[in-house]
Amino acid sequence: MKFSLSGTVLTKDLVAADGRLLASRGEFVDLASLKNLAAKAPRGLRERPLFETPLAESVLEAFDESPLRHLIGGERGRASAADALAEVRFPQPVWDELEALRMEDAPRYQHAIWTAVIAARLFCVGLGTAPGLARLVGGALTHDLGMRHAAAPLRFKQDHLTRAEELALEDHTLIGALLLASVLGDAPAVGFALLHHARAGFSYGRASGEPPLRELDLVSVASAFAALIAPRSYRLQPYNPRGAVDQMVDEAMAGHFDLRAIRLLIRCLRGAKPYAELQFPSKATGFRPPVNHHGVFLGCSRVAGAR
């Protein structure tokens, strides 16, 4: 797998939620830094399951959120997703990062929870009870942790980003990966944090390789869907689930998402029917907000950035 991000110079100290200094202001961090941190990660740390943390209540609340009800399905779907989420396990420093996110940035915390719930449903329908499912769902939960370290004016901006602001925001993928690698070493969660904006070779964190990155594709779709159906500072209204699917189908047709991952998302929204019975919507009928300042505005065009 190839990765296009060369690195970044830190504009402030990178300090974990538990007070550990991972890198200093002015330091250049890149993939070599990431590998170095992963190699030095402590071994044998006690892992705490999600069901023992305050996040468990947030997950249960997410199951009852109106935009997620159809995707979760009935009691059977809810139970399988809940089981996968309950078994997510991390050392305490990772839970500290998520707790800090909850205290400092409610929209990004909600995004973490919703992405994990959506990913749990996608993985359960797509993979059943495959070994290691909780590790993948845990990666979805923590995939955007780097956003906590992005400047608040960028996270809550109501207008389009400038090109310089977009470049500054792009660093959150590497920052999140560094935070996780310092505790988890070489784990799926680190790869999801680093590459969740890869999107079939578009956007930043460009990745390519064979075989296709199926787990990453599902996390990217879960993250995008969670962002579209939730309120954001840069648009007046969220998409409804059908409008979000319409938008993502359009983007998948342009190569920005794996069509198989979008198809699985639609399966879940339609009660997890078999592939043979599923077709893409014949026309767009969902609600898409008329005012949406997502991305970078260049003249009369918009360039995709972080949702």
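Which residues does Val-117 touch, not counting residues up to four places away in sequence? Select Val-117 and have a look: the list is Val-59, Ala-62, Phe-63, Leu-68, Ile-72 and Leu-85. Keep in mind as you click around that this is a predicted model.

**Stop 1: the whole chain**

Zoom out for a moment. You should be able to pick out 14 helices and ten strands. The chain has 307 residues, and buried ones make up 51% of them. Now think about who touches whom along the chain. If you take the contacts with a separation of 6 or more, 70% of them are between residues 24 or more positions apart.

**Stop 2: the nonpolar core**

Go back to Val-117. This residue is one of those with the most contacts inside the largest nonpolar core, which has 88 residues. Add Ile-113, Leu-141, Phe-225, Met-248 and Leu-265 to your selection, and you have the rest of that well-connected group. Next, colour helix α6, residues 106-127: this helix gives the most to the core, with 13 residues. There is another core of five residues lying apart from the big one, and you can find it by selecting Met-147, Leu-154, Leu-161 and Leu-169, which are among its members.

**Stop 3: helix α2**

Select residues 55-63 to show helix α2. Its buried residues are Leu-55, Ala-56, Ser-58, Val-59, Ala-62 and Phe-63. Turn the view until you look down the helix: these residues cover an arc of only 160° around the axis, so they are on the same side of α2. Here is a handy bit of background: an α-helix has 3.6 residues a turn, so residues three or four places apart point the same way. What covers the buried residues of α2? Show α3 (69-72), α4 (75-86), α5, α6 and α7 (133-142), which are included in the cover.

**Stop 4: helix α1**

Now try residues 31-40, helix α1, where Ser-33, Leu-34, Leu-37 and Ala-38 are buried. Look down the axis again: the buried residues fall within an arc of 135°, so they line one face of the helix. Rotate to the other side of α1 and you'll meet Ala-32, Lys-35, Ala-39 and Lys-40, which are exposed. The cover over the buried residues includes β5, α10 (172-184) and α11 (188-195). Before you leave, click on Asp-30, which caps the N-terminal end of α1. One of its side-chain oxygens lies 3.1 Å from the backbone nitrogen of Ala-32.

**Stop 5: Glu-97**

Is Glu-97 buried or exposed? Its relative accessibility is 4%, and the cut-off for buried is under 20%, so Glu-97 counts as buried. You'll find this residue in helix α5, residues 92-104. Show the side chain and follow it to two partners. The side chain of Glu-97 reaches the backbone nitrogen of Ala-17 at 2.6 Å. There is also a polar contact, at 3.1 Å, between the side chains of Glu-97 and Arg-148. To see the surroundings, add Ala-16, Leu-145, His-149 and Leu-179, which are also among the residues in contact with Glu-97.

**Stop 6: rings**

How many aromatic pairs does a search of the whole structure find? Just one. Select Phe-90 and Trp-95: the ring centres are 5.5 Å apart and the planes are at 70°, so the pair is edge-to-face. Phe-90 has 5% relative accessibility and counts as buried, and Trp-95, at 2%, counts as buried too. For a ring with a charge as its partner, go to Phe-156. The charged end of Arg-108 sits over this ring, 5.2 Å from its centre.

**Stop 7: Thr-8 and Ser-24**

Finish with two residues from the early part of the numbering. Thr-8 lies in strand β2, residues 8-9, and counts as buried at 10% relative accessibility. Its side chain makes a polar contact of 2.9 Å with the side chain of Asp-171. Other residues in contact with Thr-8 include Glu-27, Phe-28, Val-29 and Leu-174.

Then jump to Ser-24, in the loop between β4 (21-23) and β5 (28-29). With 30% relative accessibility, Ser-24 counts as partly exposed. Try the distance tool from Ser-24 to Thr-11: they are 13 residues apart along the chain, and their C-alpha atoms are separated by 8.6 Å. Select Leu-10, Lys-12 and Asp-13 to see residues in contact with Ser-24.

Technical notes. Residues numbered from 1 in each chain as written. Predicted model: local features only at pLDDT ≥ 70, side-chain atom pairs only at ≥ 80, totals over all residues. Heavy atoms only, no water. Phe/Tyr/Trp six-rings, centres within 6.5 Å; stacked < 30°, edge-to-face > 60°. Buried < 20%, exposed > 50% of the residue type's maximum accessible area, 1.4 Å probe, protein only. Lys NZ or Arg CZ within 6 Å of the ring centre and 35° of its normal. Helix = DSSP H or I, 4+ residues; strand = E, 2+ residues; numbered from the N terminus. Polar contact = N/O pair within 3.5 Å; in protein donor to acceptor, adjacent residues only side chain to side chain. Contact = heavy atoms within 4.5 Å. Core = buried A, V, L, I, M, F, W, Y, C linked by side-chain atoms within 4.5 Å. Arc of directions from axis to C-beta.
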